[in-house]
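Here are some notes on the model, set out as numbered points. Please read them with the structure open.

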Number of protein chains: 4
Amino acid sequence: MNQTLTAASPNNLIDLFQRTRARTDALVAPLCPEDMMLQSMEDASPAKWHLAHTTWFFEEFILKPHEPGYTSLDDRFAFLFNSYYVQAGPRHARDKRGLVSRPDGQAVRDYRSHVEDSLAALLSRNREDADEIARLVELGCHHEMQHQELLVTDLLHGLSFNPLMPTYKDPEPVQVTEEVPLTYTRHPGGMDEIGHAGNGFAYDCEGPRHKLYLQDFDMADRPVTNADWIAFMEDGGYRDARHWLMEGHAVATREGWQHPLYWWRQDDEWWTYTLRGPQPVALNAPVVHVSYYEAEAFARWAGARLPTEAEHEIAFRDVPIEGNLMGEAKDTGALRPLPGQGVWGDVWEWTSSDFAPYPGFRAPEGALGEYNGKFMVNQRVLRGGSCATPREQMRPTYRTFFYPHQRWQMLGLRLAKDVV
Amino acid sequence: MNQTLTAASPNNLIDLFQRTRARTDALVAPLCPEDMMLQSMEDASPAKWHLAHTTWFFEEFILKPHEPGYTSLDDRFAFLFNSYYVQAGPRHARDKRGLVSRPDGQAVRDYRSHVEDSLAALLSRNREDADEIARLVELGCHHEMQHQELLVTDLLHGLSFNPLMPTYKDPEPVQVTEEVPLTYTRHPGGMDEIGHAGNGFAYDCEGPRHKLYLQDFDMADRPVTNADWIAFMEDGGYRDARHWLMEGHAVATREGWQHPLYWWRQDDEWWTYTLRGPQPVALNAPVVHVSYYEAEAFARWAGARLPTEAEHEIAFRDVPIEGNLMGEAKDTGALRPLPGQGVWGDVWEWTSSDFAPYPGFRAPEGALGEYNGKFMVNQRVLRGGSCATPREQMRPTYRTFFYPHQRWQMLGLRLAKDVV
Amino acid sequence: MNQTLTAASPNNLIDLFQRTRARTDALVAPLCPEDMMLQSMEDASPAKWHLAHTTWFFEEFILKPHEPGYTSLDDRFAFLFNSYYVQAGPRHARDKRGLVSRPDGQAVRDYRSHVEDSLAALLSRNREDADEIARLVELGCHHEMQHQELLVTDLLHGLSFNPLMPTYKDPEPVQVTEEVPLTYTRHPGGMDEIGHAGNGFAYDCEGPRHKLYLQDFDMADRPVTNADWIAFMEDGGYRDARHWLMEGHAVATREGWQHPLYWWRQDDEWWTYTLRGPQPVALNAPVVHVSYYEAEAFARWAGARLPTEAEHEIAFRDVPIEGNLMGEAKDTGALRPLPGQGVWGDVWEWTSSDFAPYPGFRAPEGALGEYNGKFMVNQRVLRGGSCATPREQMRPTYRTFFYPHQRWQMLGLRLAKDVV
Amino acid sequence: MNQTLTAASPNNLIDLFQRTRARTDALVAPLCPEDMMLQSMEDASPAKWHLAHTTWFFEEFILKPHEPGYTSLDDRFAFLFNSYYVQAGPRHARDKRGLVSRPDGQAVRDYRSHVEDSLAALLSRNREDADEIARLVELGCHHEMQHQELLVTDLLHGLSFNPLMPTYKDPEPVQVTEEVPLTYTRHPGGMDEIGHAGNGFAYDCEGPRHKLYLQDFDMADRPVTNADWIAFMEDGGYRDARHWLMEGHAVATREGWQHPLYWWRQDDEWWTYTLRGPQPVALNAPVVHVSYYEAEAFARWAGARLPTEAEHEIAFRDVPIEGNLMGEAKDTGALRPLPGQGVWGDVWEWTSSDFAPYPGFRAPEGALGEYNGKFMVNQRVLRGGSCATPREQMRPTYRTFFYPHQRWQMLGLRLAKDVV
Ligand SMILES: [Fe+3]
Ligand SMILES: [Fe+3]
Ligand SMILES: [Fe+3]
Ligand SMILES: [Fe+3]
């Protein structure tokens, strides 16, 4: 999966593993068993499933092939907790994950402990295949961090159907800040390179690093804010078909979209439901929970466009990875976008790029080759990470991808412009 | 709702209430919090919802209107736990009940205690409206018993999606018995009467008692068994459109029905999933989990027909209410049909009768008038009760009703014939 | 199919056949080939299909089995033009009838001529099976008359999707008349009989004639009018869930029903689309194109109820068959309800009766046994005929039936009441 | 729309217009009025609608704005025959085009004549805006040629639902030829340019011409043939999820795809339905009617990949525009792929490129700006033209685009490979 061997010492690896598992535990600490069952749509999974699936990943790809005496707690878990790896065998229907009440929460925690103990034992021994094991453990940790983001956004979606609007974490109000005017930075075009190369972990789809030619472009210095978005709404942006992709307008009409997901109007003010409970929309925070269709229409309305993923990578590759991200281990962070101008964290930024293989891309052999390659159609790349992304997941070449109609992730946007 | 005042002494009433509540508690005793969240389709509800809804019924129709100082634990529960009573205010979407993780199981138990205590206090005082209260408490208990049956069948449906096939209660095997030949008893036609009258509890739709004229008919002396059903299957009964109502065959084809719900073939034997876990199909037990469409096709294949509800009532009104039913209080019974020939218990028996108002029927005023009347279209009456029906619910005039395509209840059949 | 032999002389039979075929020809005379292709939903069929299917009926059930040397114009027509007779072989998908452009209109007319000529030849010869042939020809003519009504209502539905609102026949305005107050006639209950017996044609489902016992009832002396319906609408009848069956209100909400099918509001007046083109709603004509759900809600709003089919038959069995019906041969009539109080013609009147077999009903053997029996679930009986029903189709025992949600036929209602 | 003025003399323009209109007439000459009504899915339109819509285009964008005294035959046609131009006003529902029986075929022909006569009169006069008119007429002709391709493929789809499998044009058998081995030509990468510039007609989305950097690549010298495809099928290609995009496999499974559209197995041979009627699959002709999902899976199975649109353009830009295309005026051509190795004609070739704006693309102002821009999401570019594409439509920069699941167009593929 990852192209290059991370110069991870065994100790660093064990640290990474423990930090990662601890963060998952911290994320579910505020949940009752009932919360962990919520599955509100096929795209989302119950928290309990995320706990088990990330564990299965270590079991399936490390313990089963590399630890001869390993015994699973229950052989049927492979069926229940495989997500989509065809080559790892048959799997349970994705939209029925919310109907698996047993193993219950405690049994899943036992499963986690069993796999953690077995993996610790494996890692504590000198092995000839230590490098390969290290690569797999690192991949498993990054995989679990991806699921941490999903766990959080799936949970928000699941809780949002509860008329009582429960609070997941203490409802700190967002600080009111000054509006930051929208400015752009010019980037000269020409030959350049993007994609991952060299040391350090990366997913297969981030490479090969390759040359490409770009036109000059202007990149906005901050994401689109809630205040910007309200201006679009008040200008009739959702109704005016001229701004929209034909398909986008059809979806928006059919779904009755008139504002971002989780918003409502109350006492002449916009409110939104967050993991901190219901809160007034923070005007100068980046807008979140908007689909690609909406983002694209907004950009056209604003006389701009979305950047390509190459422009995004080139514009921000030298910015240090800091911002409103999830922290280390038990520090689960703000869990909603906050006012600020940074590129890392807060919200994923839609790009206009199709999620496509880079020139020369070849998926690895075997089940792990299914990790990214088989999703390369009809999805758009997003860059920048969000408030639900662990900081150690993020790097400038990181590509995430969603369907143009999806809104439940922490999805926002940043504008770009042609130079004319 | 109930037409006549039951001569229930206050003590009997409190007994009934306590027995009923105890049975609900007993039913959920084997469940983990995750089990109580399962909602596998819109027709079914989570166990936790049943616990809360039956409690809301006492609160909404007795405590709120009749107990001036009564305070609800949470005013929003009325929205969450109203099922369909338009006149009792707006209510939560039925197909989203499985997404209400909070109040969690403990909070719902607290809600139950709060209402039980409040009702006990109310009942302990002398009141002018004692008769009306008595009628409402009795109705609330019968309502809760109806939901006990639903709780059990909804749970079975929810658990059936779990590939691990969990066992709800200890898996006692069904005793193997001799096949009982199918015989019929002749009933002379002429003027007769059906429907409830006189003392004792009954639902509104069981009356008015009224005259009607019947032709002679033959009624089978036992329900259709699994062995009978297998003969139908082996004769190509599911495929041969000549036996079927046009609409029934279309549904069976679209859904791919080739056997009753929960059956599968394993090692040359039919197996079925039950609340006692997976078990071989018991050949001489009544067939269960068949739709009206299937029952109707079976009857035509067998050269017989389904009885009308009037024929069923007249044929069995003098048979004592005994059989494989749920017992008193904490005795939750066999929970699946057992070999035997009785009419009460085991399986509900589809009749050919449309669920329609009896001549002169008038729904009561107010929200409780919505109890039965508004369901009187497209549903078929079933008679006889099932292994999931509390014994004290059952009486010869009892009409339950389901849609012709539904299968998840304990639904079976008994044959009848014209006399020619 | 028909229970009894009509004492039809051969000449009468040929007359009936010719009149019937001539009426079909007259009905399609105003249509261009494109009109005859319209299929606007699965329930409706193109005019061209009706022409061919009614012809196939004579070919399949008379010519093929009874005329040894008969050759079909095209053997594949049996597949194309069988509607639903499983025992007559496989058939084309019902919802794809509008995609059969060939045989074109002329080829279908040739098919009609071929079958007409062959049947004329058959009828002109003395035969041993003359009685059976007579019965089948008579059935085929009644079958074709049923399809004449469908042809007209399917056409109206198909044309209604054309924004140009074409006129099928010259747009005679409906005369303005005085409102007729709503009165009731009392009918004593007791033992009675309904159903067909004796001479004369009738469908299988109209018998056996059988005894039954009725309560006293009041029957309205005129159908519900458009003026009555507007009063219901203006009183918020469509919105107020208290009047509605639960399922009816769900359908009405989902479909956005706020008035009968084909109505719209224009310049403060209600208009409707008819086969005579767009016209203002005639206040004192019977309301038409309302579903059972709407009819049932209206009745409850009006403090009345729908009659049962037995009440309807008993109340009107002695009224001569006259009214706004389709005439003989080429006289296709008014084609929309007109002001008047009669029971025969104008609109079919919903009854509260499930379309069920009468006691002792047995479908005939063979494919013709599929004529009515296999529709006996989830449909409601209507009585009285409509402006699209040929007069010679009508008789007091005639039962037609539709699903509670259907509106595209000429469906209206008449009120009844319990005597209390 | 077109970026550059074609140096079209008035006479050339009139020639182009007449040739184009004559080809449309020739295409519908074999059709009966019923054929011209067929609409088999929302993606397809009736032939009659294509005739009217292409006429409306000239009326709406030339006659109405530029001919002061112009009167339409019927003002309501603008509503009926606008396809998707939001800025040209409201329009009829796309999926209901098959329900517009009137105007009938003759009335649509009258509409065509009226617009043709009016346009001829306009073009015969000297005008100041002659250049703009010329550009619009040229665009209108190219637009009509696009609809000629759609007319043909929509018709094939519509007729394919007819069990009689009608023949549109005389059923010439395809000549049997020798298999041509699959070879590749190597293309060196480096800086290059693609897109339209300079004189000659092109659509907006073909520009701006722009620089880009490519890796070396190998391009197949012939398209994938039916023989190749059968090898894929026989190797279990449709079932083996490893070859497929996840979404592609889900669609293929849901739709039951096991071969290209219109194929079936008969007497141990593959047959296909074409506009020449049913024919055996020609082994050495290019495979046609395969979706992007299938094409992509085939390529992976074959150890190759689909080319990008830039690779395709660069590889073939110097090949003269000759091949199995539709001819001039009344020459409508072979209407199905034929054995051969050419790139132009036969089948459109799927590329892996998302249909996206070229760098610097800006849609023109006004309704004509909706021509291509609003479709730029979720579609894939195809190159090369097909047997249903008029020859004078084709050029190396031409981009057509369809959704990955679509199959009813003349869609095939050609392989490419990375150089490693
Ligand atoms: Fe995963
Ligand atoms: Fe209830
Ligand atoms: Fe018919
Ligand atoms: Fe067009």
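**Notes on the predicted model**

1. D:His187 has D:Phe217 as its bridge partner in strand β4 of chain D. The structure is a predicted model. The two strands involved are β1 (residues 184–187) and β4 of chain D, which pair in the antiparallel sense over four bridges.

2. On the other pairing of β4(D), D:Phe217 stands opposite D:Asp418 in β12(D). Strand β12 covers residues 416–418 of chain D, and three bridges join it to β4(D), again in an antiparallel run. Strands of a sheet pair through backbone hydrogen bonds, either parallel or antiparallel.

3. Are the faces of β4(D) covered or open? Both are covered in this strand, which spans residues 217–220. D:Phe217 and D:Met219 are buried on one side, and D:Asp218 and D:Ala220 are buried on the other. In a regular strand the side chains alternate between the two faces of the sheet.

4. The largest nonpolar core contains 246 residues. Those with the most contacts inside this core are C:Trp229, C:Leu413, D:Trp229 and D:Leu413. Another core, of 245 residues, lies apart from it; A:Val251, B:Leu139, B:Trp344 and B:Leu413 are among its members.

5. What does D:Leu413 touch, leaving aside its neighbours within four places in sequence? Its contacts include the aromatic residues D:Trp229, D:Phe298, D:Trp348 and D:Trp350. D:Pro223, D:Val224, D:Val287, D:Val290, D:Ala295 and D:Leu306 are also in contact with D:Leu413, as is D:Glu349.

6. Chain C has an open sheet of four strands in the order β10-β9-β8-β11, with mixed pairing. Its edge strands, β10 (400–402) and β11 (411–412), each pair on one side only. Strand β9 (residues 380–383) of chain C pairs with β10(C) in the antiparallel sense over three bridges. Within that pairing, C:Val381 stands opposite C:Phe401.

7. A:Glu67 deserves a look. This residue lies in the loop between α2 (47–66) and α3 (77–81) of chain A. Is A:Glu67 buried or exposed? With a relative accessible area of 12%, A:Glu67 counts as buried, because the cut-off for that term is under 20%. Its side chain is joined to that of A:Arg125 by a polar contact of 2.8 Å. Leaving aside neighbours within four places in sequence, A:Glu67 is in contact with A:Ile62, A:Ser118, A:Leu122, A:Arg125 and A:Arg127.

8. Helix α9 of chain A (residues 309–316) is mostly covered, with eight of its eight residues buried. Charged residues are included: A:Glu309, A:Glu311 and A:Glu313 are buried. So are A:Ala310, A:His312, A:Ile314, A:Ala315 and A:Phe316.

9. On annotation, an unreviewed UniProt entry lists residues 188–317 and 344–417 of chain A under "domain: Sulfatase-modifying factor enzyme-like". Residues 188–317 of chain A are 28% helix and 22% strand, with end C-alpha atoms 15 Å apart. For residues 344–417 of chain A the values are 0% helix and 24% strand, and the end C-alpha atoms lie 21 Å apart.

10. How are chains A and B related? A turn of 180 degrees, with a shift of 0.0 Å along the axis, lays chain A on chain B with an RMSD of 0.0 Å. That is the relation of a two-fold axis. The copies meet through the same surface, because 100% of the interface residues of chain A are also interface residues in chain B.

Notes:
Residues numbered from 1 in each chain as written. Chains lettered and ligands numbered in written order. Predicted model: local features only at pLDDT ≥ 70, side-chain atom pairs only at ≥ 80, totals over all residues. Heavy atoms only, no water. Least-squares fit on C-alpha atoms with pLDDT ≥ 70 in both. Contact = heavy atoms within 4.5 Å. Buried < 20%, exposed > 50% of the residue type's maximum accessible area, 1.4 Å probe, protein only. Pairing = 2+ DSSP bridges. Core = buried A, V, L, I, M, F, W, Y, C linked by side-chain atoms within 4.5 Å. UniProt positions renumbered as here; feature names shortened; annotations may be inferred. Polar contact = N/O pair within 3.5 Å; in protein donor to acceptor, adjacent residues only side chain to side chain.
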